[in-house]
Amino acid sequence: MKYSILIVLVFIIASCKKKQSNDVAKLPYFNSTDFTPEWDKAMHKIPEFSFTNQNGEVVTNKTYKDKIYIADFFFTSCPGICPKLTKNMGSLQETYKNDIDIMLLSHTVMPWKDSVSVLKGYAQKNHVNVAKWHLVTGDRDALYGIARTGYFADEDFIKTQDESDFIHTENFILIDKQGYIRGVYNGTLEIDIERLKRHITILKREG
């Protein structure tokens, strides 16, 4: 009886280790709005962009060249989920403060109110390090366009296709060094933030 139980336990442990190993071997690519994982097809890249950060500096794809980065969408006067999103982005900033390969990018969805000076005050209030984390504003159509067709971040637009709708998403989007989407996470949940960190470790191993 003892030996039978021991054999079962060894089998369970081995199976769990194998499953865990398979789970963390590689991240999928996400090429469409339904976020169907594609394991061997890297097709959709974040399109070219040009926005202005909290210091009045131009931020483009080149700013994030050869970097793994996490992107999100927010607005400074948001009373709901945005404070939680900002807090968790701040936590990621702290975790990777000494890692030059990891950066953060937050886009305002209310550019008509979130000017450079407003973003500057928000950045100071939330201890944003501009070397690591850019808060960007710019043309409304450009911001909404990249949210919807670049990062697939606007769930309501996916359903309604109404371009006049206001964007408000809780997604954190993980982008690899080549500009491909490799993960999507609920930025308000600690469990998803921990999953994001594990996935960053996988991307770093990919090189």
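**Figure 1. Helix 2 meets helix 6.** Five residues of helix 2, Lys84, Asn88, Ser91, Leu92 and Thr95, meet Glu190, Ile193, Leu196 and Lys197 of helix 6. The contact residues divide into three nonpolar, three polar and three charged. The model is predicted. Helix 2 covers residues 82–95 and helix 6 covers residues 190–206. Their axes lie 11 Å apart, and the two helices pack at an angle of about 30 degrees. The crossing of helix 2 past helix 6 is right-handed.

**Figure 2. An open sheet has seven strands.** The strand order is 4-3-7-6-5-8-9, and the pairing is mixed. Strand 4 (58–60) and strand 9 stand at the edges. Each has a single partner strand, so one side of each is left without a neighbour in the sheet. On average, neighbouring strands are turned by 35 degrees against each other, direction ignored. Strands of a sheet pair through backbone hydrogen bonds, either parallel or antiparallel.

**Figure 3. Strand 8 pairs with strand 5, and helices pack on the sheet.** Strand 5 (residues 68–74) and strand 8 pair in the antiparallel sense. Three bridges join them. Ile70 stands opposite Leu174 of strand 8. Helix 2 packs on the sheet and touches strand 5, strand 6 (102–108), strand 7 (133–137) and strand 8. The direction of helix 2 makes about 165 degrees with that of strand 5. Helix 3 (residues 116–125) also packs on the sheet. Strand 3 (50–53), strand 5 and strand 7 are touched by helix 3. The direction of helix 3 makes about 150 degrees with that of strand 7.

**Figure 4. Strand 8 and strand 9 form a hairpin.** Strand 8 spans residues 171–175, and strand 9 spans residues 181–186. The two pair in the antiparallel sense over five bridges. Ile175 stands opposite Ile181 of strand 9. Five residues lie between the strands of this hairpin. Gly179 takes a positive phi near 90 degrees there. Strand 9 is mostly covered, with six of its six residues buried.

**Figure 5. Arg182 and Asp176 meet in a salt bridge.** The N to O distance between their side chains is 3.0 Å. Arg182 is buried, and Asp176 is buried too. Side chains of opposite charge can pair when their charged atoms come close. In the whole structure, a search finds ten salt bridges.

**Figure 6. Glu94 forms a salt bridge with Lys97**. The closest N and O atoms are 2.9 Å apart. Glu94 counts as partly exposed because its relative accessibility is 47%. Lys97 is also partly exposed, with a relative accessible area of 48%.

**Figure 7. A salt bridge joins two residues of helix 6.** Arg195 and Asp192 meet through their side chains, at 3.3 Å from N to O. Both residues lie in helix 6, three residues apart, or about one turn of the helix. Arg195 is partly exposed, with a relative accessible area of 27%. Asp192 has a relative accessible area of 14%, so Asp192 is buried. Elsewhere, salt bridges that share partners join Asp99, Asp101, Lys177 and Lys204 into one network.

Definitions and conventions. Residues numbered from 1 in each chain as written. Predicted model: local features only at pLDDT ≥ 70, side-chain atom pairs only at ≥ 80, totals over all residues. Heavy atoms only, no water. Axes fitted to C-alpha atoms, helices over the stretch in contact; angles between N-to-C directions. Helix = DSSP H or I, 4+ residues; strand = E, 2+ residues; numbered from the N terminus. Left-handed = near helix turned anticlockwise from the far one by under 90°. Contact = heavy atoms within 4.5 Å. Nonpolar A, V, L, I, M, F, W, Y, C, P; charged D, E, K, R; others polar. Buried < 20%, exposed > 50% of the residue type's maximum accessible area, 1.4 Å probe, protein only. Pairing = 2+ DSSP bridges. Salt bridge = Lys/Arg side-chain N within 4 Å of Asp/Glu carboxyl O.
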